[in-house]
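Hello,

Here is the structure we talked about. My notes on it follow below.

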Amino acid sequence: MAYQYECSDCAFMVRSDDDDELIEHVQQHADGAHGMQVAPDDVRAGWESVEMGAQD
Ligand SMILES: [Zn+2]
């Protein structure tokens, strides 16, 4: 199981099976691209669960 987060302000999209890594990516994007501070809870509220491709 992985999580996917799509930025609401641009076409940015990130996917990871690591909660903390995904949150960090989203925070870096929001800050770097939009000058926004995003709380971890905001990321959790906005991401969706996705199936990872078969790449074991
Ligand atoms: Zn964005």
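**Zinc site and helix H1**

His29 sits in helix H1. This is a predicted model, and the values that follow are computed from it. His29 has a relative accessible area of 13%, below the 20% limit, so it counts as buried. Apart from residues up to four places away in sequence, His29 touches Cys7, Cys10, Phe12 and His34.

Three of those names return at the metal. The zinc ion is coordinated by SG of Cys7, SG of Cys10, NE2 of His29 and NE2 of His34, at 2.0 to 2.3 Å. Along the chain, the donors of the zinc ion are spaced as C-x2-C-x18-H-x4-H. The angles among the 4 donor atoms run from 104 to 117°, and the site is tetrahedral. For reference, the ideal angle for four tetrahedral donors is 109.5 degrees. His34, the other histidine donor, is partly exposed at 28% relative accessibility.

Ala33 is also found in helix H1. With 49% relative accessibility, Ala33 stays under the 50% limit and therefore counts as partly exposed. The C-alpha atoms of Ala33 and Cys10 are separated by 9.2 Å, with their positions 23 residues apart along the chain counted as the separation. Gly35 lies in the loop between H1 and H2. Its relative accessible area is 55%, over the 50% limit, so Gly35 is exposed. From Gly35 to Ser49 the C-alpha distance is 26 Å, although the two are 14 residues apart in sequence.

**Nonpolar core**

The largest nonpolar core has 9 residues: Tyr5, Val14, Leu22, Ile23, Val26, Ala30, Val38, Val43 and Trp47. Helix H1, residues 19-34, gives the most to this core, with 4 residues.

Tyr5 is one of the core residues. Leaving aside neighbours within four places in sequence, Tyr5 is in contact with Phe12, Met13, Val14, Leu22, Val26, Asp42, Val43, Gly46 and Trp47. Several of these names appear in the core list as well, including Val14, Leu22 and Val26.

Trp47 belongs to the core too, and its place is the loop between helix H2 (40-46) and strand E3 (48-50). Trp47 is buried because its relative accessible area of 15% is under 20%. Beyond residues up to four places away in sequence, Trp47 touches Tyr3, Gln4, Tyr5, Asp19, Leu22 and Ile23. The C-alpha atoms of Trp47 and Ala2 are separated by 9.8 Å, at 45 residues apart along the chain.

Asp19 is among the contacts of Trp47 and lies in helix H1. At 30% relative accessibility, Asp19 falls between the 20% and 50% limits and so counts as partly exposed. Without neighbours within four places in sequence, the contacts of Asp19 are Tyr3 and Trp47. Asp19 and Arg44 are 25 residues apart in sequence, and their C-alpha atoms are 8.5 Å apart in space.

**The chain as a whole**

The chain holds 2 helices and 3 strands, in the order β-β-α-α-β from the N terminus on. Its C-alpha atoms fill a box of roughly 35 × 20 × 15 Å along the principal axes. A compact globule of 56 residues would have a radius of gyration near 10 Å, and the 11 Å of the chain agrees with that.

Buried residues make up 27% of the 56 residues. The chain exposes about 3900 Å², of which carbon and sulfur atoms supply 41%. Of the contacts between residues at least 6 apart in sequence, 43% join residues at least 24 apart.

Regards

Terms used. Residues are numbered from 1 along each chain as its sequence is written. This is a predicted model: local features need pLDDT of at least 70, side-chain atom pairs count only at pLDDT 80 or more; totals for chains, interfaces and linings use all residues. Side-chain values use heavy atoms; hydrogens and water are left out. A nonpolar core is a set of buried Ala, Val, Leu, Ile, Met, Phe, Trp, Tyr and Cys residues joined through side-chain atoms within 4.5 Å. Buried means under 20% relative accessible area, exposed over 50%, partly exposed in between (1.4 Å probe, protein chains only). Contact means heavy atoms within 4.5 Å. Donors are N, O and S atoms within 2.8 Å of the metal (3.2 Å for Na, K and Ca); water is not among the atoms, so sites may look incomplete. Four donors count as tetrahedral if all angles lie between 85 and 135 degrees; four count as square planar and six as octahedral if opposite donors are over 155 degrees apart and all others between 65 and 115; anything else is irregular. The radius of gyration is taken over C-alpha atoms; the globule rule is 2.2 Å times the number of residues to the power 0.38. Accessible areas come from the Shrake-Rupley method with a 1.4 Å probe; for residues, only the protein chains shown count as cover.
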